[in-house]
Amino acid sequence: MYNWNMAKELPPMLAGMDLKEKLMVLPDYDEDIKFKSQAERLMALNEIYNIYLPSQMSCEIYSKIYLAMLRSLQKKDTKQAVQQRNANFKGIKKQSEYTGIVGGSDSFTIIGASGIGKSSAISRAIKIATDDKIIEMENPYCKIIPALTVQTPFDCSVKSLLLEILRVVDEELDTHYFDMAVKSKATVDVLIGSVSQVCLNHIGLLVVDEIQNVVFHKNGRQLIGALTQLINLSGISICMVGVPESAEFFEEIPYLARRALGLVYDKCDYNDYFRK
C-alpha cells in the first residue's frame, strides 16, 4: 500500500448555517458607483450574475459530492487499489482480461428539471468541497484532482468521452496523457484501461454532465456500458447529471438501476426561497 491519507487533505465538511454562508455569494456594493458614468454603472451591473443564494438542493448536492469524493479518495490507499492498478496494466498489455477489483457502488445521479441550477449548484459545491486545490501526495509523489467535470458528447462517442477525460486531466495536472493516446491511435478497449488507470491514480470524483444525451442517441447504451466499465475498473465515484428523461433510461437497465440512485429535483416551488 502507498503511504497516503488523502481524506485529511480535503477541507472539513460543512453543514447547517456554516454551509449556507460558505455557499452564498453576494458581491460587494460600492457606494461610489452612483457617481460614475452611465457606461461604468451598466458594466457594474454585470456583478448581479455572480449572486448565488443556496437552496436546500445546493446543500444536498454539496453533501452528496463531498461524501462520494471522500469515499473515492479513501479507496486509493488500499490493497485492492494496488491490485486494480496491476490488473489494469495487464489488461492494457493484453496479458489478461480487464477485472474489476475495487468496485464502484458509490456512484450516483443528480436528476433535475432543465434550468433549475443543477450545474451551478454542482460547480459551487465542488469549489467549496475542494477549495479549488489539487491534492499532492508524497511517498510516492502523486497529484490528485478531487473532482473533475466533463460533458457527455452529443454523439455519445465512447472514444470522445475517454479522450476528453484525458484532455481535462492534462489541463489540470500539466501531463501528456491525451497526446500519447492520440499519437498511439489507441483503440477504445485500450483507452478504457488507460483512462481507468488515470482515474484511479489522479481523480477523486468524476462528474459527467448532460447525461440525457444517451437517451436520444443510438449509441447511448454503448456509452453507458463504457461508463459502467470505467466505474468497475477505476473504483472512483462517478456522478451522472441530467434531466428527468435520463432517470427513466437508467431504470430500464437492471445493472444501472443501483447506480442511478441519487438526488432528484422537480421545478422550483413558488415558496419563500423562490421569492427571496
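This talk describes the fold of a single chain in a predicted model, from its overall dimensions to a few individual residues.

Good morning, colleagues. I shall begin with the chain as a whole. Its secondary structure consists of 12 helices and 6 strands. Along the principal axes, the C-alpha atoms occupy a box of roughly 70 × 45 × 35 Å. How does the radius of gyration compare with that of a compact globule? For 276 residues, such a globule would have a value near 19 Å, and the chain has 20 Å, so the two agree.

Turning to burial and surface, 46% of the 276 residues count as buried. The accessible surface comes to about 15,000 Å², and carbon and sulfur atoms account for 52% of that area. The chain carries 31 positive and 34 negative charges, and the mean positions of these two sets are 6 Å apart. As for contacts, if we take those between residues at least 6 apart in sequence, 81% join residues at least 24 apart.

I now come to the strands, beginning with β5, which covers residues 237-242. Is this strand enclosed or open to the surroundings? Here 6 of the 6 residues are buried, and β5 is therefore largely enclosed by the rest of the structure. Its side chains may be followed in two sets. S237, C239 and V241 point one way, while I238, M240 and G242 point the other way, and all of them are buried.

Which strands are joined to β5? One is β1, residues 108-112, which runs parallel to β5 and is joined to it by 4 bridges. In this pairing, F108 stands opposite C239. Another is β4, residues 203-209, also parallel to β5 and joined to it by 4 bridges. There, L205 stands opposite S237.

From β4 we may continue to β3. These two strands pair in the parallel sense over 6 bridges, and I145 stands opposite I203 of β4. Strand β3 spans residues 142-151 and is mostly covered, with 7 of its 10 residues buried. It also pairs with β2, residues 135-137, through 3 bridges, but in this case the strands run antiparallel. I135 stands opposite I144 in that arrangement. The hairpin of β2 and β3 has 4 residues between the strands, and N139 takes a positive phi near 55° there.

Let me point out two further residues with positive phi. C156 has a phi near 55°, a positive value in a residue other than glycine. It is placed in the loop between β3 and α6. D174, likewise not a glycine, has a phi near 60°, and lies in the loop between α6 and α7. Which of these two is buried and which is exposed? C156 has a relative accessible area of 1% and is buried, whereas D174 is exposed at 65%.

I turn next to the helices and the segment before α1. Y62 is found in helix α3, residues 56-75. At 1% relative accessibility, Y62 counts as buried. What does Y62 touch, apart from residues up to four places away in sequence? The list comprises P12, M13, L14, L19, A125, I128 and A129. The distance from Y62 to S123 is 9.5 Å, C-alpha to C-alpha, although they are 61 residues apart in sequence.

One of the partners of Y62 is L14, which lies in the segment before α1. L14 has a relative accessible area of 24%; buried means under 20% and exposed over 50%, so L14 is partly exposed. Leaving aside neighbours within four places in sequence, L14 is in contact with L19, K22, Y62 and I128. By way of a longer separation, L14 and I110 are 96 residues apart in sequence and 20 Å apart in space, C-alpha to C-alpha.

Lastly, T130 belongs to helix α5, residues 118-130. With a relative accessible area of 7%, T130 is buried. Beyond its neighbours within four places in sequence, T130 is in contact with P11, M69 and P146. Of these partners, M69 falls within the residue range of α3, and P146 within that of β3.

To close, I would return to β5. This strand has 6 of its 6 residues buried, and it is joined by parallel bridges to β1 and to β4. Thank you for your attention.

Note on methods:
Residues are numbered from 1 along each chain as its sequence is written. This is a predicted model: local features need pLDDT of at least 70, side-chain atom pairs count only at pLDDT 80 or more; totals for chains, interfaces and linings use all residues. Side-chain values use heavy atoms; hydrogens and water are left out. The radius of gyration is taken over C-alpha atoms; the globule rule is 2.2 Å times the number of residues to the power 0.38. Buried means under 20% relative accessible area, exposed over 50%, partly exposed in between (1.4 Å probe, protein chains only). Contact means heavy atoms within 4.5 Å. Accessible areas come from the Shrake-Rupley method with a 1.4 Å probe; for residues, only the protein chains shown count as cover. Lys and Arg count as positive and Asp and Glu as negative; His and the chain ends are not counted. The place of a charge is taken as NZ of Lys, CZ of Arg, CG of Asp or CD of Glu. Two strands pair if DSSP finds at least two bridges between them.
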